[in-house]
Amino acid sequence: MYKHLSLVLLLLCICLVKGNAQQLFLLKGLAQGTDYSISYYASKPLLEQAEIDSILMEIDLSMSLYRSDSRISIFNAGSSDMQMDGHMSKVIEKSFEVYHLTQGRFDITVAPLVQAWGFGAKPVQHFPDSAEIREILKTVGMKNLTIRGDLLQRKKKGIKIDLNGIAQGYTVDLVADYMLAKGITSFIAEIGGELRMQGKKPDGEGFRIGVEGPSLKSRAEPVIRHVITFDQGAVTTSGNYRKFLEQGGHKVSHLINPVTGYPLDNRLISVTVYANDALTADGYDNALMAMEPKAVLEFIKLIPGMEVYLIYRKADGSIDEMMSPGFSRMIIN
């Protein structure tokens with residue numbers, strides 16, 4: 001859930017307050033190791049900051065690896081089974097779906113590998129060698145987990161879980177569904193660049209979202225490559241051009257392939273996923289990064305409503321893009 005900020009919100013107009021006219025309300029804060037932004041239109045304030053913070057705190061107490069008292073941290077620190085709460089149960093159920101459909105490219109037991117490569121809570125002095133990777137892989141694999149009702153069970157010792165690659169999407173959905181329950185039907189809910197959107201502005205114009213990607217110029221800051229709009233749905237992005245480590249001249253991505261045990265080193269630079277909900281988009285974006293561009297376009301046909309935008313490196317080293325037909329129809333600039 002701590003992925004880089006890869007989507008930039010472009011709210012291009014703010015309505016003036018006139019009587020009961022719809023106006024724009026904004027809420028911003030910090031959560032889950034990043035920031036959040038909520039924008040909605042209504043005739044009066046319908047949402048308090050404390051309500052959003054309460055939802056985010058509830059998720060942190062369930063699935064945050066940065067809290068020693070969270071349910072997931074207690075599970076990882078011990079050896080017993082865990083009784084999951086409702087939030088974790090939904091996220092892990094979705095995780096098994098993504099794990100099976102992507103043939104293990106997404107795996108919540110990747111936590112030991114993430115730590116070994118220096119992207120965990122503790123700093124590392126060196127990158128692991130092949131012998132260390134082989135040893136760590138003995139405790140990686142969702143085949144080593146079993147769900148019985150609301151009980152999460154390990155099949156062997158040393159299995160730890162990391163839900164950072166999917167829980168933020170679930171959190172976005174939770175906030176969005178809460179807003180819908182409050183009667184808010186025109187909004188963008190965004191956490192760490194992952195967002196869900198619903199409705200239009202009062203003037204009938206759709207919300208606009210900037211899709212970020214690497215600049216074609218060497219060492220330049222990322223740029224907005226396209227602007228998209230849609231009536232409802234979610235968008236998340238996974239990429240390897242922002243978050244990485246270097247050691248002894250060796251540069252590694254924060255995206256770890258749980259099958260091989262090594263950081264991803266393929267042609268894809270970033271994957272932007274559109275889906276009906278943020279949980280689905282967030283769950284698949286990292287796994288799609290482990291595929292070849294054309295394979296991604298074939299794979300998403302398995303997921304109803306999913307669309308993708310890919311940035312990849314060609315054989316000659318130049319950067320190019322590829323997208324599904326549905327995604328191209330969302331582009332307005």
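1. Let's start with how H6 and H7 cross: in this predicted model, the crossing of these two helices is right-handed. H6 covers residues 167–181 and H7 covers residues 278–288. Their axes come within 7 Å of each other, at a crossing angle of roughly 165 degrees. Because angles over 145 degrees count as roughly antiparallel, H6 is roughly antiparallel to H7.

2. It is worth having a look at the residues where the two helices touch. On the H6 side you will find Ala167, Gln168, Gly169, Tyr170, Val172 and Asp173, and these meet Ala278, Leu279 and Asp282 of H7. By character, the residues of this contact comprise five nonpolar, two polar and two charged.

3. Next comes the sheet. Eight strands build an open sheet with antiparallel pairing, and you can trace them in the order S2-S3-S7-S8-S11-S14-S15-S16. At the edges sit S2 (23–31) and S16 (319–323), each of which pairs on one side only. From one strand to the next, the twist averages 10 degrees.

4. For a closer view of one edge, follow S15 (residues 307–313) to S16: the two strands run antiparallel and are joined by five bridges. A handy pair to pick out here is Arg313, which stands opposite Ile319 of S16.

5. Finally, how do helix and sheet come together? H7, the helix that meets H6, also lies across four strands of the sheet, namely S8 (194–198), S11 (232–239), S14 (268–275) and S15. Relative to S11, H7 runs at about 25 degrees.

Definitions and conventions:
Residues numbered from 1 in each chain as written. Predicted model: local features only at pLDDT ≥ 70, side-chain atom pairs only at ≥ 80, totals over all residues. Heavy atoms only, no water. Axes fitted to C-alpha atoms, helices over the stretch in contact; angles between N-to-C directions. Parallel < 35°, antiparallel > 145°, perpendicular 65-115°, else oblique. Left-handed = near helix turned anticlockwise from the far one by under 90°. Contact = heavy atoms within 4.5 Å. Nonpolar A, V, L, I, M, F, W, Y, C, P; charged D, E, K, R; others polar. Pairing = 2+ DSSP bridges.
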